[in-house]
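Grab a pencil and work through a few short exercises on the structure below. Each one comes with a solution that goes step by step.

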Amino acid sequence: MAEAEFRCVECNEKATELHRDYSNGILKITLCGSCQKPVDKYIEYDPVIILIDAILCKTQAFRHILFNTSLDIHWKLCVFCLLCEAYLRWSLRRSPEPSGDPADIIRYAKELEFYGMVALAALELLAFCGGVLSVLRAASRLRGDGVDLRLLLRALLLSCYGKVLLVPAVIWEHDFLPLCLGFIKLFVLTSNTQAVRVILNCRRRLAFWAVCVGLLSETLAARTCQTVAAAIQKGAVFD
């Protein structure tokens, strides 16, 4: 018997195929043997509808994306989100006054600062994913079952897609920018929680606490980097 590769988007039951291809190009969607519903109704849906359901954090849409597609853009999406987050921090810290320095020293310094923001964002993401995966691995050992860390990491990176909203939020700057950034952060964390819940088929409480630990790890990493940077800058001033 062939190993199951797909999941039913309704009940999370394993399935060996999503549809059957008959003669003359006739396709028939496979029904789930457990819930008797289509294994994956989204294979007939427009990508826009799938994206809207994913934004609404629907479990069925997340199962379709994470289990029943060969979407392999998580690393590219990760790099793009890091650039978006770094651009946000760099744009909020840069000086609004134009510089008249003929040597453009300040411009090069700002570019170097941007690369530092990229490194900081990458470190925070690493701390977040490490915290989440550590909690879930410990929980899986207590329950006596295994967990696919690579699949979880892919789900976490894909569910960070909401960070692309940081760029238009900064470009169209307004008085409610802090509120918008807070909503974007909340949306990303909600998507992370839903992705963990879908991968492990666990209760929302476990996914919530895992994401909270990841957020705490991210915050500690950011505070540590800020403390170290302040100490280095202070030492440079005294020198």
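**Exercise 1.** Is Cys 35 buried, partly exposed or exposed, and which cysteine sulfur is nearest to its own?

*Solution.* Start with the relative accessible area of Cys 35, which is 25%. Now check the cut-offs: buried means under 20%, exposed means over 50%, and partly exposed is in between, using a 1.4 Å probe and protein chains only. Cys 35 is therefore partly exposed. Next, look for a partner: the nearest cysteine sulfur belongs to Cys 8, at 3.6 Å, and Cys 35 is in no disulfide. A disulfide here is a pair of cysteine sulfur atoms within 2.5 Å.

A quick word on ground rules: this is a predicted model, where local features need pLDDT of at least 70 and side-chain atom pairs count only at pLDDT 80 or more, while totals for chains, interfaces and linings use all residues. Residues are numbered from 1 along each chain as its sequence is written, and side-chain values use heavy atoms, with hydrogens and water left out.

**Exercise 2.** Count the disulfides in the structure, then try Cys 11.

*Solution.* The count comes to 0 disulfides. For Cys 11, the nearest cysteine sulfur is that of Cys 32, 3.5 Å away, and Cys 11 is in no disulfide. With a relative accessible area of 29%, Cys 11 is partly exposed.

**Exercise 3.** Find where Asn 12 and Asn 201 sit, and say what their phi values show.

*Solution.* Begin with the background: most residues other than glycine have a negative phi. Asn 12 goes the other way, with a positive phi near 70°. Its place is the loop between β1 (6–7) and β2 (14–15); strands are DSSP runs of E with at least two residues, helices are runs of H or I with at least four, and both are numbered from the N terminus. Asn 12 is buried, at 9% relative accessible area.

Then take Asn 201, whose phi is also positive, near 55°. Asn 201 lies in the loop between α7 and α8 and is partly exposed at 47%.

**Exercise 4.** Describe the surroundings of Ser 191.

*Solution.* First place Ser 191: helix α7. Its relative accessible area is 0%, so Ser 191 is buried. Leaving out residues up to four places away in sequence, Ser 191 touches Cys 57, Phe 62, Ser 159 and Tyr 161, where contact means heavy atoms within 4.5 Å.

**Exercise 5.** What is the volume of the largest pocket, and what lines it?

*Solution.* The volume is about 800 Å³. On a 1 Å grid over the protein atoms alone, a pocket is an open set of points where a 1.4 Å probe fits, with protein on both sides within 12 Å along at least five of seven lines; lining residues have an atom within 4 Å of a point. Grid points are joined across faces, edges and corners, and the volume is the space filled by probe spheres set on them. There are 27 lining residues, and the closest to the centre are Arg 89, Met 117, Leu 120, Glu 124 and Gln 226. Helix α8 gives the largest share of the lining, 10 residues.

Finally, sort the lining by class: 14 nonpolar, 4 polar and 9 charged. Ala, Val, Leu, Ile, Met, Phe, Trp, Tyr, Cys and Pro count as nonpolar, Asp, Glu, Lys and Arg as charged, and the others, Gly among them, as polar.
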